[in-house]
Amino acid sequence: MKLQHINPTETKAWQKLTSHFSEIEQQSIQDLFKNDAKRAEKFNIEWHDFYVDFSKNNWTEETIQLLIELANEVGLPDAISKYFSGEKINETEDRAVLHTALRANENDVVLFEGKNVIPEIYDTKNKIKDFTNYIISGEAKGYSGKPFTDVVNIGIGGSDLGPAMIVEALQFYKNNLNTHFISNVDGDHVQEILKKINPETTLFVIVSKTFTTQETLTNSETVKKWFLQYATEKDIAKHFVAVSTNLKNVTNFGIAPENIFPMWDWVGGRFSLWSAVGLTISLAVGYDNFNQLLKGANKMDVHFANTPFENNIPVVLALLSIWHNNFFGAETEALIPYTQYLQKLAPYLQQGIMESNGKSIARNGKSVNYQTGTIVWGEPGTNSQHAFFQLIHQGTKLIPTDFIGFIEPLYGEKDHHNKLMSNFFAQTEALLKGKSREQVLSEFLAQGKTEAEVADLIPFKVFEGNKPTNTLLINKLTPESLGALVAMYEHKIFVQGIIWNIYSYDQWGVELGKQLANSILNEIESGNIKNHDSSTTTLLSKFIS
Ligand code: F6P
């Protein structure tokens, strides 16, 4: 049974939302707080060690009810059950979307084409565990008999961003192995990494679901060539492992079959860090921490699958994002973690969110007549405050922002943490409250200035406020809470894709550039430039001359 094809804008709920929007569009979030002393109590979800406050947005209980009506009208409950039960909801690629099975419990049953996939997932998890322990313990030796000190992950997109983001985020839990990531097909990037490592003590993990990706294959060949300057072909088995569905291509590359970690067609690249694609994570932080990450994600899966929509974190966040995107016309969303550890969360979610929901064709094959796919961006606070917060506070664009903060720091640096978190709380309050003309003036008067002296300056110092934010306050950054956080955003993506009536799990939009790059590469190598637009022809001739 396929996903339903319902244009959200043609639902009854959408009509109601449209007239509801015209009623509340002009109201201020500040007034919502003034009129209801209990607003914060009503607009939050407390779940395990997460406290999600979504009160600082221009919406009411009625808005949420109408958005839930919309979700029901487009068949979200049915879609959720298809998502978790292995139906081929990635219809344009004829694939199931089962990353949730990767973090399911061992005694769960998840059927794909009539077969329970859990046993093979656990076989692979055991293989990851054994291999991780073998490398970390120092039992494994490189070609010259020394234990491994460094791991280089070679992959791109989903085969890089997830592992790189998590390894960075869980640095505190890291062991003695140094980890490096090669992704870009930029020879300079490769050489900079090679400069840092010793071939005798380095393990290379080549990650490519398809094992056909130009960047990863080129980088792997370069690395292999470099390695063979020091070692011999037979040493490859000790130093190279691969994660892929394409056993034939991996074997042709020269990797021994026992060094291949399988993944499955039903795991999308950008949702694959929970599979053997996470091998580098397991090597960096140990298998137990990797498993905790999966456990946290599984807890969020259970919450998402079983909680009524009004208390369901990913659903509420997705509905709110639809409200901002499709009614208020917000084009982007910012994501500001108040921890340096999450500095790669935004780039990671850029692939998750924008490769999934950056679509303009509805599930019936016709163009959509409404906005889809939000643009997501961000940097850790407080750095971002000193970079782009000016625009969020006083610019012309509406930028709903998620603030992610932790109650406990990892090193117990209380002084720093209090400063960091006071900025965290201050920013959402400032974005809500702003600063009125009267306040600005009274500050000037208190400094002994006269109104006439400062009249011209006042408009520049006024903050409108009423800028929407969500606050995610989490006890502590642990593998488990991180797993839950990432899964939360994955499910938010899913809900939005269902409501927008698009296919979130294909990525045809990346193909054209790849095709053209291949033919341009032939032209560059042969020196024979074919027919292009005049701009491309001129640029190419400058490059090859
Ligand atoms: O960018 C397109 C894409 O197909 C991503 O979806 C994927 O994560 C990435 O390329 C890498 O693909 P592979 O793991 O097959 O090398």
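Trainee: Is S159 buried or exposed in this predicted model?
Mentor: Buried means under 20% relative accessible area. The relative accessible area of S159 is 8%, so S159 is buried.

Trainee: Where does S159 lie?
Mentor: Two elements flank S159: β5, covering 150-154, and α7, covering 161-169. S159 belongs to neither run, and its place is the loop between β5 and α7.

Trainee: Which residues is S159 in contact with, leaving aside neighbours within four places in sequence?
Mentor: Contact means heavy atoms within 4.5 Å. With the neighbours within four places left out, the partners of S159 are N153, V207, S208, K209 and V277.

Trainee: How many helices and strands are in the protein chain?
Mentor: Both kinds of element are present in the protein chain. The counts are 23 helices and 13 strands.

Trainee: Why is the protein chain as compact as a globular protein of that length?
Mentor: For 545 residues the globule rule gives 24 Å. The protein chain is as compact as a globular protein of that length because its radius of gyration is close to that value, at 26 Å.

Trainee: What share of the residues of the protein chain counts as buried?
Mentor: A residue needs under 20% relative accessible area to count. S159, at 8%, meets this cut-off. Of the 545 residues of the protein chain, the buried share is 53%.

Trainee: How far apart lie the centres of the positive and negative side chains?
Mentor: The protein chain has 63 negative side chains and 48 positive ones. The distance between the centres of the two sets is 2 Å.

Terms used. Residues are numbered from 1 along each chain as its sequence is written. This is a predicted model: local features need pLDDT of at least 70, side-chain atom pairs count only at pLDDT 80 or more; totals for chains, interfaces and linings use all residues. Side-chain values use heavy atoms; hydrogens and water are left out. Helices (H or I, at least four residues) and strands (E, at least two) are DSSP runs, numbered from the N terminus. The radius of gyration is taken over C-alpha atoms; the globule rule is 2.2 Å times the number of residues to the power 0.38. Buried means under 20% relative accessible area, exposed over 50%, partly exposed in between (1.4 Å probe, protein chains only). Lys and Arg count as positive and Asp and Glu as negative; His and the chain ends are not counted. The place of a charge is taken as NZ of Lys, CZ of Arg, CG of Asp or CD of Glu.
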